Amino acid sequence: KTYRKYLLWLLISLSSIKFISLLHWTIFIPLKTASPFKEIAMLELSIFYILSYLIPLLIIPLMYYWILFPLIKWIIGNIPKIKIQNDKNNQKIGIFFLTTSMLLAIFSTIYPYLESINPRGLNVGVDIPHYVTAAKEVEGNITAVFKIWEGTRPLIFLVIYGFQKAIGTDTLMAVRMLPIILNPFLALTTFFLLYEAYEDPYRAGLGSLLTATSYQIAVGMYSYFLTNMLGLILIYSSLTFLFKAFKSKTKIPLLFAIILGCLLDLTHPWTFDQYLAASALLLIILLIRLWRRGENKIEFKNLLIYVSSLVIFDFIRISILRYGGIYATATAAKSTAGLSRFWFSSIFSFRLLYGGYLSTLVPLILAIIAIYLHEENLWITYWRAFIFTTSIIFITGDATIKSRLIYNIPIGILAAMGLGILEKLTEKRLRWAITCFTILNNITYLFRSLANLV
């Protein structure tokens, strides 16, 4: 009881610091008013970067749980598996979280262009010039989508072209404002994916909010990963229909899952490969279960159709455009740092690339909790398969490859799952203190990051 009391007051104190810092970044900085909270905000920023030294270490228990988990189990014995409970009393809060996440996702596009934040109106995002150059070529000849960037990402340029025509603006403005569509859609697809898994608006809304305030938005805006962000939207949508297909008596959800998966291959081949590898591993796991215990027959059949369809589509694409997901992975495999440079490349990925924005400690800890303690079911098996296949490339990939693999980890989803487990293990006051601290931590991180993009 005593330690719970101390932990509660610690969380309240930390939440107060986060809230005060948030006021600095969201009110006083945009209004160009002298902030009485500047010193506290700078202290919070310093703590963030000090704690970032831990991230290259903490990524190991997440990535290599498949080595550490059996070892821990062998040392301490049985590890309890926690079932995340649906909380029907919090459904309205879940809808509130979803609404908040959508508004934050939209505002995160506008905020870096506020005059007080960006007085010279500079482009936000490293890759904007590349997108503008390519999009102008498509504006002159729409068939160029299959030629620029070796024809690897035709869908994003069709989206930019359509968005530009819809809002009636020039190419630069269309590229600048496209995240106003992508960011909220990423939050929305996260909601639907988690809702499909738990049938709980609260869990889905919480995951949506943690995604809208995660490094997928902050780093996405920093480097302007438009194709990667669109790719995540497509794969979250595809997985939503795939898990729906596991429970459906018709093949319609499976058809939508396949279509969206194929569109992902036309958007971001690396993301396509990363998620396809997880699906393929899950297929092998289901095959073993079917052979040994006769379980998951329907899931195995649907997943076999899903994986086979995406592989066939990718080979057709390669034969026509000479580039696809599998080819992309083969190319990326050449960018290896080797085991001897594992620590250097890890530290560079988390502390130097993208301004160190990948170094989010709290969501990472929650993700570890989710991977280790979540009850056994098909949902967590997929994400463990995803982490396993990702870890194989991660161990030898260079800093850039590592960073992109980390970017594609559904950190908001896993964090929401981790919070669900902690909620089951703690009493009510402490539960809400942990949740409030996590949310404030994420929102403060987002606006602090956005304020320092230019």
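A salt bridge is taken here as a side-chain nitrogen of Lys or Arg within 4 Å of a carboxyl oxygen of Asp or Glu. K247 and E199 form such a pair, their closest N and O atoms lying 3.8 Å apart. The model in which this contact occurs is a predicted one. The two residues belong to distant parts of the chain, 48 residues apart: K247 is in helix 12, and E199 is in the loop between helix 9 and helix 10 (201–212). E199 is classed as exposed because its relative accessible area is 52%, and the cut-off for that class is over 50%.

The structure contains 10 salt bridges. Another of them joins the side chains of K244 and E196, with an N to O distance of 3.0 Å. K244 is located in helix 12 (residues 226–247) and E196 in helix 9 (residues 179–198), so this contact ties together parts that are 48 residues apart in sequence. The two partners also differ in class: K244, with a relative accessible area of 33%, is partly exposed, whereas E196 counts as buried at 10% relative accessibility. E196, E199, K244 and K247 are linked in a network of salt bridges.

A further salt bridge is formed by the side chains of E423 and R203, at 2.6 Å from N to O. E423 is part of helix 21 (residues 411–425) and R203 is part of helix 10, so the pair connects parts separated by 220 residues in sequence. E423 has a relative accessible area of 12% and is therefore buried, since buried means under 20%. R203 is buried as well, with a relative accessible area of 1%.

On the surface, a nonpolar patch is made up of L43, I47, L51, L54, L57, W343 and I347. Together these residues present about 600 Å² of accessible area. At least two residues of the patch come from each of helix 2 (38–51) and helix 17 (342–352). The greatest contribution is that of helix 2, which supplies three residues. Among the other members of the patch, L57 is situated in helix 3 (residues 55–63).

Helix 2 also holds A41. A41 is assigned to the buried class because its relative accessible area is 0%. Between the C-alpha atoms of A41 and T267 there is a separation of 38 Å, and the two residues are 226 residues apart along the chain.

The largest pocket encloses about 550 Å³ of space. Its lining consists of 25 residues, and those nearest the pocket centre are L14, L361, V362, F437 and N441. Two or more lining residues are given by each of helix 1 (2–28), helix 2, helix 18 (361–373) and helix 22 (428–451). Helix 22 accounts for the largest share of the lining, with six residues. By residue class, the lining of the largest pocket comprises 16 nonpolar, six polar and three charged residues. Helix 2 thus appears both among the elements that line the largest pocket and as the leading contributor to the nonpolar surface patch.

Conventions:
Residues numbered from 1 in each chain as written. Predicted model: local features only at pLDDT ≥ 70, side-chain atom pairs only at ≥ 80, totals over all residues. Heavy atoms only, no water. Patch = residues over 30% accessible without salt bridge, like charges linked within 9 Å, V, L, I, M, F, W, Y side chains within 5 Å. Areas by Shrake-Rupley, 256 points an atom, 1.4 Å probe, with all protein chains shown as cover. Helix = DSSP H or I, 4+ residues; strand = E, 2+ residues; numbered from the N terminus. 1 Å grid on protein atoms, 1.4 Å probe; cavity = no way out; pocket = protein on both sides within 12 Å on 5 of 7 lines; lining within 4 Å. Points joined across faces, edges and corners; volume = space filled by probe spheres on them. Nonpolar A, V, L, I, M, F, W, Y, C, P; charged D, E, K, R; others polar. Buried < 20%, exposed > 50% of the residue type's maximum accessible area, 1.4 Å probe, protein only.
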